[in-house]
Structures are given as structure tokens and as C-alpha cells.
Amino acid sequence: MPSTSRVSLTRFLIEEQRDKGHINGDLRLLIEVVARACKRISIAVGKGALGGVLGSAGTENVQGETQKKLDVVSNEILLEANEWGGHLAALASEEMDDPHPIPHRYPKGEYLLVFDPLDGSSNIDVNISVGTIFSVLRCPDGVSEPDEKAFLQPGTQQVAAGYAVYGSSTVLVLTLGDGVHTFTLDREQGSFILTGSNLQIPADTGEFAINMSNIRHWEPPMRRYIDELLAGKTGPRGRDFNMRWVASMVADVHRILTRGGIFIYPRDLKDPSKPGKLRLMYEANPMAMIVEQAGGAATTGRERILDIRPDKLHQRVPVFLGSRNEVKQVTAYHREADTA
Ligand code: P6P
């Protein structure tokens, strides 16, 4: 592509602000700062064993999960990058129990940033794609010291959402509420370049993504749905399905955004106290906004993810997202089972 037609992330954001009025200066700065932090994370991830940051950090996060060194490094990169710019009122992360306040020496802004600094980090040591997921909310009016309560807003309140996938290339996927756009990192220039606009997820698909090892813990409607997919041509669906599971949500969602599919992490009865594995505020909500903006659907199997009124910063939800006709089908089975 001739260099004159290359649109950088900076130019895209300036045109969104100037020509469409979709964003203001603070949100433009926020997205640029997050993108720059993702560039630094991409470099750290890309060093692999040479960077001395593989393996466990020897600590646990609020989820009780062993933190990888790169989890901690990525979290620090995002905190340091966002503290001083004056665009945020506070930050929250999968890796921190409570929201992180903006130090008093810096000005505060109107936005809240919540993120999973390195999703899928269990894959780092085996060189499988990982990513950063982020969600942007407005700080409620009149809240000068945002605590957990300020973050507890339904996903429909997000003003922006995105992820960076650190794979064979580093791709930033972004929605500002007006379509989904992708930017590929030009490592030589250090810029994110627009490589995809207004992505659309096909309404139908032949590919599903789920961790089948949990099958014995699933609810009946979940079993019914997967059994039909596995029956393929011989069953009620009349066609065969393929399965993929990277066990890195960013990688699985990126494939679905690119070619369709349904991603499922259902409620399982393994631990009834946990309604699912994935976290609402910084995994399900941002991915649900992206998927819906690309014409897909995202539910818990029973309700639209973006409508959920959160009651905890780190709460978990079941996740069904992707090609809307499949999400509709499996959600219908759950609702049918609930009313039977
Ligand atoms: P399982 C990674 O730990 C993660 O949070 C998501 O990125 C991924 O989709 C899921 O968990 C994988 O879970 O149980 O298959 O290892």
C-alpha cells in the first residue's frame, strides 16, 4: 500500500475528533497513551526468554491466580503511562484488588480506564498469542475520588473499548461506538497503521470455541447446544462444525472478529460460587462492545452482557459471543430450559 494512503492511529483519532465529533481531546489522548503502552508491552512480550520476564512472578493476583512476571510488567507499564496525562480520574486492573487513584501531584480527567493488562498470560511461556484488553467509562459527575462504586456501570456506558493482540503481528482493535477498526503495528516506524475499517462478523458460522474438558460440569442447555454442533451433518443442524480453542480470549475473539465463530465460556457447576471464569468489567464488557459494534451478539446465555449492572469490580460472568445467529440459538436453549 503506498505510504501516502497509510492512516496512522493519530490521524484516525484526530479525524474522529475534528470531522465526526465522536471523541474529545482527553479521550483521544487516552487512546494514544494506551496504544503506546501496548507497543511497550508488545516489545516486552516479543523478547520472550531473552527479556528475562518469562515464568512466574511468585505472587498471586486478586483472582488467586499465579501472576506471570509479564502480568506485573504489563500492569506497571499501563499504570505509569496513564498516571500523568490528566485524562483519567482512576484506573482499575485485573491485577489489582482495588482501583488505582491518580497521584495528587497530577491533574485528574473525566475518564475511568479498566483493563486486563495481559490476558491469556498462561500461554506466554509456550509462545502463544496473548493480549491487553481495555474498557473506557466516564467518571460519574461529582466523584472526585473514584472508588470501586464509580466503576460499577453497565457495559452500555462504555465510551470506548479495545484490545491489542500480540501475535505474529501486533494488532490494536478499537471501537469508539461507531464501528470496529484495526491498526497494525509498523515496527520499523513504531506507529499503529489503519488496516481494517468497520469490521463485520458473519451472522452464521461453522466454527465454535470452547474448552471441552469441562463438558461434565455444563448445564443441560449447554450440553444440548454442543451435542448438536458435534452431531454435524447427522444431527438437527444438517452441517458440520469445526472447533478451535486457543485458551487466550484475545486470540479467540480476534479470529471470530476476522472470520466469524462463536466463543463460549459457560457457567459450569465445577464451582457454583463462580458463575463463569471470565471477568465482566475488563474481559466480557469490552469484548461485548466490540462484537456488537461488528454486528455480532454477546450474552451470558440468558441476558445481554452489556445490560448487566455490575455489583463487584472483579465479578465473573458466563460469556457467549460472536456470530449473532449462533449466540441467539444457544441463548434460546438456556431460556427454554429456565422456563421448562
Ligand atoms: P481455560 C486466560 O486465562 C483466560 O482468562 C482467557 O483468556 C481464556 O479464554 C480462558 O481464560 C481460558 O480458560 O479454562 O480454557 O484455561
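# Salt bridges, helix crossings and two sheets

Analyst: Glu-15 forms a salt bridge with Arg-11, and the closest N and O atoms of the pair lie 2.9 Å apart. Keep in mind that this is a predicted model.

User: What makes the contact of Glu-15 with Arg-11 a salt bridge?

Analyst: The cut-off is a Lys or Arg side-chain nitrogen within 4 Å of an Asp or Glu carboxyl oxygen. Here the closest N and O atoms are 2.9 Å apart, so the pair qualifies. Glu-15 and Arg-11 sit 4 residues apart in helix H1 (residues 9–18), which means about one helical turn separates them.

User: How many salt bridges does the structure hold?

Analyst: There are 24 salt bridges in the structure.

User: On to the helices. How do you know which way H2 and H3 run relative to each other?

Analyst: Look at the angle: the axes of helix H2 (residues 25–47) and helix H3 (residues 69–83) cross at roughly 155 degrees, coming within 9 Å. Anything over 145 counts as roughly antiparallel, and therefore H2 and H3 get that label. Their crossing is right-handed.

User: Which residues make the contact of H2 and H3?

Analyst: On H2, they include Val-33, Val-34, Ala-37 and Ile-41, while H3 brings in, among others, Leu-70, Ile-77, Leu-78 and Ala-81. By class, the contact of H2 with H3 comes to 10 nonpolar, 2 polar and 2 charged residues.

User: And why are H6 and H7 described the way they are?

Analyst: The axes of H6 and helix H7 (residues 280–293) cross at roughly 10 degrees and come within 12 Å. Angles under 35 degrees count as roughly parallel, so H6 and H7 are called roughly parallel. H6 passes H7 in a right-handed crossing. Met-249, Val-250, Val-253 and Leu-257 of H6 meet Glu-283, Met-287 and Ile-290 of H7. That contact of H6 with H7 splits into 6 nonpolar, no polar and 1 charged.

User: Now the sheets. What makes E12 and E15 edge strands?

Analyst: The open sheet of 5 strands goes E12-E11-E13-E17-E15, with mixed pairing. Strand E12 (242–243) and strand E15 (297–299) each have a single partner strand, so one side of each has no neighbour in the sheet.

User: How do you know that E11 and E13 pair?

Analyst: Pairing takes at least two bridges, and 2 bridges join strand E11 (residues 207–209) to strand E13 (residues 262–265), so E11 and E13 count as a pair. These two strands run parallel. Ala-209 stands opposite Phe-263 in E13.

User: Which helices pack on this sheet?

Analyst: Helix H6 (residues 249–259) lies across E11, E13 and strand E17 (319–322), at about 35 degrees to E17. Helix H8 (residues 324–339) touches E13, E15 and E17, and its direction makes about 155 degrees with that of E17.

User: What are the edge strands of the sheet of 8 strands?

Analyst: That open sheet has the order E4-E3-E5-E6-E7-E8-E9-E10, again with mixed pairing. Strand E4 (100–101) and strand E10 (191–196) each pair on one side only. E4 is joined by 2 bridges to strand E3 (residues 88–93), and E3 and E4 run antiparallel. Pro-101 in E4 is the bridge partner of Ala-90.

User: What is the angle between H6 and E7, and what would you call it?

Analyst: The direction of H6 makes about 105 degrees with that of E7. The range from 65 to 115 counts as roughly perpendicular, so that is the label for H6 and E7. On this sheet H6 touches E5, E6, E7, E8 and E9.

Technical notes. Residues numbered from 1 in each chain as written. Predicted model: local features only at pLDDT ≥ 70, side-chain atom pairs only at ≥ 80, totals over all residues. Heavy atoms only, no water. Axes fitted to C-alpha atoms, helices over the stretch in contact; angles between N-to-C directions. Left-handed = near helix turned anticlockwise from the far one by under 90°. Contact = heavy atoms within 4.5 Å. Nonpolar A, V, L, I, M, F, W, Y, C, P; charged D, E, K, R; others polar.
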